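Biologist: Hi! Could you walk me through the pockets, cavities and surface of this protein?

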Amino acid sequence: MQKLLLTTSAAAALLASSAAARADLVETVVVSATRTEQPVEKTGASLTVLTADDLTTQQTIVLTDVLKEVPSLVISRTGGVGQPTTVSIRGAEQGQTVTLIDGIRLNDPSDVSEGTIFGDVLANNISRVEILRGPQSTLYGSDAVGGVIDIITKRGGDTPFALVASAEGGSLGTFHANVAANGTEGDVEYGAAVNYLTTTGISAADSRNGNTEADGYRNFGATLNVREHLSDTISVDARGYYTNGHDRFDDNFGGPPLFAVADSAANNSNELKAGYLGVNADFFGGMFRNRVALIASSSARKFFDSAFDTIHLNFDDFGNAVRFEYQGIVDFDTDTQLTFGVETQESSFRGDSFSSFAPAETTTGRDRLTGYYAQLQATLFEDLTLTGGVRLDDDQEFGSHVSYKLNGAWQMPQWNATLRANVGNGFKAPTLFQLFSANSNPITALKPETATGWEVGVDKSLFDGDLRGSLTYFERNTTNQIDFQN
């Protein structure tokens, strides 16, 4: 794939519409381009930032409704709110994007492509969203072929308690309620929110073909983000994410000649529980920063009332992931930084199928993927920043894979512009479904999908930074794509 991308006007404003938006890039926790707090001008990356103000201004409920305005990002949704939704960055396939919320991966191990259930991700208590384009496996490992979507919720504040609450209703039986609180009390920074959305919706099948049954949606979700400072150099993070969605859809088909999708009673339920527990420790006056984290997630998806069966529960899928991360950051001086780490994740799934016409079937699978990475960033001559990284991943099913990334950013203050370029690769390990289901390859072991990409671009600020435009040319070549073959 190759493409020339030009962003201006409103789309460009989303990149960095003001000095405040640019300053928002350098908050701690997770910064997507380098996994350390860095000004975007030094990263050499193609990056879009959506701030809390952007989400508030657009009155966004479902996050993908604003993501569709991001350059090089395509949203596909099969119907109204809550219907199956996919996100593609620069044409990458479903499941080839890493999605994070407060450092927790939302990619579902029980999904066929291990993608994110984007239809259930609401814009709830979000501080900002960073969208990083291009292969990013050096820092993020498997799935980072198209890029990374990094969601960061609000935590802390200038007061001990700040509350935001809203309730709204409208046509199609739609009701949305949201309550969020954040603040700083002594040594504790916190943020938490709950939300509820329900709508009777519209028909997922085309109403012009006589499909009048509405396919509704319900969602309950919650987020938690807490940091306690035990001392000046040690802090503890506790984060949580929960969502429970239920959507109705149509899986029936009409007669010839169109065989078009038709009304049915089919419906889905999706539940995701995830948590993060981490410790941060600084040594040598902050020159050596460390983070250790244990992350776990559990998903449950159920499919009911298919038009092609009489049984109530047709399928259920359960996924679990337990992940350990260590990351170290060494600041040799203000211009030179080394980031390194190790990550290991064990994923498992179980899928059951039930039918009135055949015995029940169960499929299970388990895999472990471990990665080691290092990245060096240095600024030369004050304005030229170079970044290079390498990663080794070892998978118990397919073996090992090496990823790399090289970035360059040359700031030109006299022109209010930055020239940038980068080259790197990404990979996606075969999913558990692809490895262990009845559809897996019985002859040849599956290899990971791989991609190599490069880009060059320029960012230019105008009107004292109130408007920023970007011009980018990029290419990506993907090999060993996994697909079904009859």
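Modeller: Happy to; we can take the openings first and the surface after that. Keep in mind that this is a predicted model.

Biologist: Great. What volume does the largest pocket have?

Modeller: The largest pocket comes out at about 900 Å³.

Biologist: And which residues lie nearest its centre?

Modeller: Those are Ser-110, Asp-111, Val-112, Arg-301 and Asp-317, out of 36 residues that line the largest pocket.

Biologist: Which strands supply at least two residues of that lining?

Modeller: There are several, among them strand 4 (85–89), strand 16 (267–283) and strand 17 (288–304). Strand 18 (313–333), strand 19 (336–353) and strand 20 (361–380) do so too.

Biologist: Which one gives the most?

Modeller: Strand 19 does, with four residues in the lining of the largest pocket.

Biologist: How does the lining of the largest pocket split by class?

Modeller: It has 17 polar residues, 10 nonpolar and nine charged.

Biologist: Okay, on to the closed spaces. How many cavities of 30 Å³ or more are there?

Modeller: A search of the whole structure turns up six. The largest cavity has a volume of about 390 Å³.

Biologist: What sits closest to the centre of that largest cavity?

Modeller: Glu-114, Arg-323, Gln-345, Ser-347 and Leu-369 do, from a lining of 31 residues. Elements giving two or more residues to this lining include strand 6 (104–105), strand 21 (384–395) and helix 6 (432–436).

Biologist: Which element gives the most there?

Modeller: Strand 20, with five residues in the lining of the largest cavity. By class, that lining has 11 nonpolar, nine polar and 11 charged residues.

Biologist: Switching to the outside: which residues make the nonpolar surface patch?

Modeller: Phe-161, Leu-163, Phe-175, Val-179, Val-194, Tyr-196 and Phe-220 make a patch of about 610 Å². Strand 10 (174–185) and strand 11 (188–202) each supply at least two of the patch residues.

Biologist: Where is Tyr-196, and why does it count as partly exposed?

Modeller: Tyr-196 is in strand 11. Its relative accessible area is 31%, so Tyr-196 falls between the 20% and 50% limits and counts as partly exposed.

Biologist: One last thing: where does Gly-388 lie?

Modeller: Gly-388 is in strand 21. Gly-388 is partly exposed, because its relative accessibility is 23% and the buried class is for values under 20%.

Biologist: And how many residues apart in sequence are Gly-388 and Gly-408?

Modeller: They are 20 residues apart in sequence, and 8.8 Å apart in space, C-alpha to C-alpha.

Definitions and conventions
Residues numbered from 1 in each chain as written. Predicted model: local features only at pLDDT ≥ 70, side-chain atom pairs only at ≥ 80, totals over all residues. Heavy atoms only, no water. 1 Å grid on protein atoms, 1.4 Å probe; cavity = no way out; pocket = protein on both sides within 12 Å on 5 of 7 lines; lining within 4 Å. Points joined across faces, edges and corners; volume = space filled by probe spheres on them. Nonpolar A, V, L, I, M, F, W, Y, C, P; charged D, E, K, R; others polar. Patch = residues over 30% accessible without salt bridge, like charges linked within 9 Å, V, L, I, M, F, W, Y side chains within 5 Å. Areas by Shrake-Rupley, 256 points an atom, 1.4 Å probe, with all protein chains shown as cover. Salt bridge = Lys/Arg side-chain N within 4 Å of Asp/Glu carboxyl O. Buried < 20%, exposed > 50% of the residue type's maximum accessible area, 1.4 Å probe, protein only.
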